[in-house]
Amino acid sequence: MSSQSIPDQIRNSLSKLATRDNQQGIRSLFEQDDLRVDKFTFDVEGIYVDFSKSHLSDELLDVYLQFARHIDFTDKRHRLFSGEMVNSTEQRPALHTLLRDADNQQIEMSNTTLLQQAALAKAQLNQRFDEIQSRLSKRSTPITDIIHVGIGGSSLGTQVLFEALTGVDEHRKIHFIGNVDAHKLVAVLANCHPESTLVIGVSKTFTTAETLQNLQTIADWWVQQGGIDPIGNFIGVTANHANAIDFGINQENIMVFPEWVGGRYSVWSSVSLSAILLLGMECFDEFLSGAAAMDKHFYQTQESQNICFIAAALDHYYANFMGAGSRAIFAYDDRLRSLVSYLQQLEMESNGKDRQFDGSPADQQTASVIWGGVGTDVQHSVFQLMHQGTSPVPSEFILVCSPNHHLQDHQDELLANGVAQTAALLSGQSLATTRKLYQDENLSELVLQSKVFSGNRASSTVLLEKLDAYSLGALLAFYEHRTFCGGVLANINSFDQMGVELGKRLAKQVKPLLLDEGDEQPDQSLDPSSISLIEKLKQLRQI
Ligand code: F6P
């Protein structure tokens, strides 16, 4: 069984454009069109995106518009927003957009059951938030630490939200515990006390091994510290009420969000409770409003002006026709230090798939590897490869005008560096210029050659006036929809994550072998390398 996801005519046109683009480079696109910057820069809900330093051109956009018509992109987008079963393997809609539009103001949606579920989830979040706030305010010992236990989508978005919006003078801390590796947990518990600590366990399924083990360890610590009824005191956020009850969370401490909210799309729900408790509900509502505004743009704007579609078209072009295996994201703002991890899950878990919708093998590159970091740190680690490496990596720079501190000269330096890097990637430096620059220094030919930069390396820039709840919401929704478009172009289901199951299942078989426990034979025979690693670990553990 196979199906062709890119029609021949479109594939041919894109291949021809890639040949042209590889020959002529991005700089010549500027020479050919004085209006290039205006044409390929968009200002949407405070998010200013400049695609002009990429290979975007009228011709390229035109082919992707044909592609969009061919796959009936408008209908697919409508199916997402209207609650159709876009997650075909799990037979669910993916309605994170509804969480930020519970009043159904922006997008017509007729399924009243889903609307009610969204409204109910938000009402419960508001109510529980008030209750918890009031409970906390009556305590003799104030809460100084929140331990947020959750992994992947049950943590990364909340961490971005908290780090991006918390004030520099915020003294209350959220400790995000995801990994089963206990190094962080041990360090956190060493500095916490049950009296002043609030524990929030977040798990869509409430079956995730790491989360349950971490919660249990915190419960044991709680008792050792003289606390009583630990799990009864914990707050549980989940889509599976029964599993949270089975684990021992008290009924009145459970907050439920709907099944149709995917883990990596759940930052808009009660999953963000820990951050909401510190930032306030007004702030969270602004965050939802910013995302809803981006939803409106995505839903209502034709593809030729739609920043989510254009960004995804470029991602697709780079991955499939320009040979880029990865895409780098550099946030020039420390408040966005966890954004890359969040986007890695968003894109790689959504679109890292080798099967098409109908089950046939993917016949194109699906998600790229996403990587990156924070500027200017990255300039002193990975930028050598960005400028002179042999496999050009398309990149994205995120700049925020106003900082959340008073040291304006630092901000000026930061922004100057961000813009300069995008300029350097584009312009490069020819041998002739290099000779001229160093004419007084008597440099060898070898050194001169090594100072040449090819340039013509694609980047796009996302600029925010300020990083507030609204702009953060719009930014994250931009990336969500871009990921959705990527999945539509690749003809895959962006909303399941079957690829994480096998490793989890094998871990259950490896552990008894490592501990020499149980007689059961693994249901899948382990390869010689893994068996030998287990043996080696057993030897080393005995030392
Ligand atoms: O292992 C992958 C995954 O299922 C993610 O999709 C999800 O965000 C994470 O694990 C955590 O799952 P849960 O919220 O059910 O604990």
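The centres of domain 1 and domain 3, taken over C-alpha atoms, are separated by 41 Å in this predicted model. These two domains belong to a protein chain that is divided into three parts. Domain 1 is assembled from two stretches of the chain, residues 9–70 and 301–490. Domain 2 covers residues 106–284, and domain 3 covers residues 499–541.

The next feature to consider is the ligand and its surroundings. The ligand is surrounded by 13 residues. Among these, Ser154, Ser203, Thr205, Thr208 and Glu349 are the closest. In character, the shell around the ligand consists of eight polar, three charged and two nonpolar residues.

Several polar contacts can be followed atom by atom. In the side chain of Thr208, an N or O atom is 2.5 Å from an oxygen atom of the ligand. The side chain of Thr205 likewise places an N or O atom 2.6 Å from an oxygen atom of the ligand. At Gly153 the backbone takes part, with an N or O atom lying 2.7 Å from a ligand oxygen atom. On its own, the ligand has 390 Å² of accessible area, and the protein covers 88% of this. The space that the ligand takes is the largest pocket.

Apart from pockets, which are open, the model also holds enclosed cavities. How many cavities of 30 Å³ or more are there? The count comes to five. In the largest cavity there is about 140 Å³ of space, and 17 residues line that cavity. Those nearest the centre of the largest cavity are Asp315, His316, Glu347, Thr366 and Gly486.

Note on methods: Residues are numbered from 1 along each chain as its sequence is written. This is a predicted model: local features need pLDDT of at least 70, side-chain atom pairs count only at pLDDT 80 or more; totals for chains, interfaces and linings use all residues. Side-chain values use heavy atoms; hydrogens and water are left out. Domain bounds come from an automatic or database domain assignment. A residue is near a molecule or strand if one of its heavy atoms lies within 4 Å of it. A polar contact is a pair of N or O atoms within 3.5 Å; within protein, one must be able to donate a hydrogen and the other to accept it, and residues adjacent in sequence count only if both atoms are side-chain atoms. Accessible areas come from the Shrake-Rupley method with a 1.4 Å probe; for residues, only the protein chains shown count as cover. On a 1 Å grid over the protein atoms alone, a cavity is a set of points where a 1.4 Å probe fits but cannot get out, and a pocket is an open set with protein on both sides within 12 Å along at least five of seven lines; lining residues have an atom within 4 Å of a point. A molecule sits in a cavity or pocket if more than half of its atoms lie within 2 Å of its grid points. Ala, Val, Leu, Ile, Met, Phe, Trp, Tyr, Cys and Pro count as nonpolar, Asp, Glu, Lys and Arg as charged, and the others, Gly among them, as polar. Grid points are joined across faces, edges and corners, and a volume is the space filled by probe spheres set on the points.
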